[in-house]
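Visitor: I'd like to learn how to read a structure like this one. Could you walk me through it?

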Amino acid sequence: MTDIRRDGPANRACDVLIVGGGLAGLTLAAALGGAGVDTILVDRESADARLLDTFDGRTTAVAFGTKRIVEAAGLWAHVPAAATGAILDIRVTDERSPLFLHYDHREVGDEPFGWIVENRTLRRAAFARLAQLQTVAHLAPAEVTDLARTATRVRATLGDGTTVDARLVVGADGRHSTVRRWAGIGTSGWAYAQTAIVCTIDHEYPHHGVALEHFLPPGPFAVLPMAGNRASVVWTERRRDAQAVLAMPEERFLLELRRRAGDWLGRVRTVGPKFAYPLSLLHADAYAADRVALVSEAAHAMHPIAGQGLNVGLRDVAALAEVIVDAHRLGLDPGGADALARYERWRRPDTLMLLAVTDGLNRLFANRIAPLKLARDVGLAVVNRTPPLKRFLMRSAMGTTGDLPRLARGEAL
Ligand SMILES: Cc1cc2nc3c(=O)[nH]c(=O)nc-3n(C[C@H](O)[C@H](O)[C@H](O)COP(=O)(O)OP(=O)(O)OC[C@H]3O[C@@H](n4cnc5c(N)ncnc54)[C@H](O)[C@@H]3O)c2cc1C
C-alpha cells in the first residue's frame, strides 16, 4: 500500500476508486489489490495508529462464510486467534416463555457458526494486509467533495484539490453515501423507534461460546461471546428510554443487565464506555449506475437483530470484486454496463431477503398481542424440533447457502 502523504494537489488515475475505508471498503481494496487491480482507497478518517487503537465499542459477528471472504482477501491471517470468540451455541428465547430455540454448531459440522471480533481488530488486520500490496494507494484523511463523468472515466475531486480519474467508483461510504447521492440513486427506508446500546462486559464464569438472543418487548437483547471471559452486549431499547438507560449509575445498569441476561455468567462488570446507535432501515433503489457501484451500508442498512449487516455487506464486496476481476482479466471495462448489471442482479435478491427477514423478526418479536406471541413461541419450538429446517436456518446464518461468490467459497479471485 502506498500511503500518500501529499505535498499539494496532484492528479492520479486508477482502475477502481473506492470511496470509504470502513470495513467494507478496506476489504474490497485488499481483495482487488491482491488480484492486481490498480486501486485507490479514499477515507475521510485518518488511519494513524492512535485511531486504530481506539475501541469504538463495536464488535462484529463474523459468520463462517464471511470469514472465508476475509480470509481469501488476506485479512484473516492478521487477526490473532486469541482476539476472536468462537460462537458454538446460539440460544434464542422470547420474554419469559419456556419455549426456546437452541442451535448447536455440531448439528451442521465441526466449524463454529462464526466469531465475535472487535471492529478495530478487523481494521488493523486490513491495514496490515494493505501494507503488503503495491497495487493499492490509500489517501486518508481525504474527503471526496465532487464527482464528474467524462466519456470513459469518473473524476473525483478531493478536499485539497487532488483529482482521481477511475474507470469505476465504488461507494463504500456508509449510509449517508456521497457517491450514492451524486449518482442520483434514491433510497427507501425508515427509522426504527429503537436505539441499540452497545457495551463490553467481563464476567466471572466462561461463556463456553454461547450467544444469547433474548427477545424483549423493546427489542432484542444479545450477549455475544468475545475472546476470554468477555462478551459484547447489544441491548435494544425504545428510543425514548435509551438515554435513561445510558445515564444509569453502574450498579443499576448491571442490575438491569442481569435481569435481561440472567445469572449464568456470574459477576459482571462493564469494560469501557457504552455507545448508542439509533437504528434504521435503508435500501438504495439501485446498487449501480453509470461507472458507479455501491456496496454495504451505502446500498443497504438493516436492523442488527440477526447480526447480519456487515456480513451481507462483505458478500457485496465478494461479488463486486469477482465481477471487476473477471472484466479486468478479459480486458473488458470494469465500470462497463455489463459488469455492473451482473453485480446488481447478483446482490439484490440476497439483500432484499435479509432486509425483509430482519425487519419482520423485529416487528414480530416486539409485538405483545397474545395470539401472535403464542404463535411465535410455538414457531420457535417447532423449528427447534424440526432438524432439516433447523439445519437450513443454521447454514443460512453461517452464510454458506445461495449463489456464493468465489471469495465466499474460500477460493482465490
Ligand atoms: C449496534 C450494531 C451492531 C452491529 N452488529 C453487527 C454484527 O454483529 N455483524 C454484522 O455483520 N454487522 C453488524 N452491524 C452492522 C455493521 O456495523 C455495519 O454494517 C458496518 O459497519 C458497515 O460498514 P461499511 O464499511 O459499509 O460502512 P461504515 O463503517 O459506515 O464506513 C464508511 C466509511 O466511509 C467514509 N466516508 C464517508 N463519506 C466519505 C467521503 N465523502 N469521502 C471519504 N470517505 C468517506 C467514513 O469515514 C467511513 O470510514 C451492527 C450495527 C450496529 C449499529
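Guide: We will look at the ligand's surroundings and then at some backbone features. Keep in mind that this is a predicted model.

Visitor: Which residues come nearest to the ligand?

Guide: A good start is to list the residues around the ligand and pick out those that come nearest. Here 33 residues surround the ligand, and G20, G22, G174, S296 and G309 come nearest.

Visitor: Which elements supply at least two residues of that shell?

Guide: Two helices and two strands do: α1 (23-34), α8 (309-329), β4 (59-63) and β13 (187-203). The largest share, 4 residues, comes from α8.

Visitor: How many nonpolar, polar and charged residues does the shell around the ligand have?

Guide: Sorted by class, there are 13 nonpolar, 13 polar and 7 charged residues around the ligand.

Visitor: On to the backbone. Where is there a cis peptide bond?

Guide: For this one, look at omega. The bond joining A140 and P141 is cis, with omega at about 0°. P141 sits in the loop between β9 (136-139) and β10 (144-149).

Visitor: And phi? Is H208 buried or exposed?

Guide: Look at the phi value, then count neighbours. H208 is not a glycine, yet its phi is positive, about 55°. H208 lies in the loop between β13 and β14 (210-216). H208 counts as exposed because 9 other C-beta atoms lie within 10 Å, and the cut-off for exposed is 12 or fewer.

Visitor: Is R291 buried or exposed?

Guide: R291, also not a glycine, has a positive phi of about 65° and belongs to the loop between β18 (288-289) and β19 (292-294). R291 has 23 C-beta neighbours inside 10 Å, so R291 counts as buried; the cut-off there is 20 or more.

Technical notes. Residues numbered from 1 in each chain as written. Predicted model: local features only at pLDDT ≥ 70, side-chain atom pairs only at ≥ 80, totals over all residues. Near = placed C-beta within 6 Å. Nonpolar A, V, L, I, M, F, W, Y, C, P; charged D, E, K, R; others polar.
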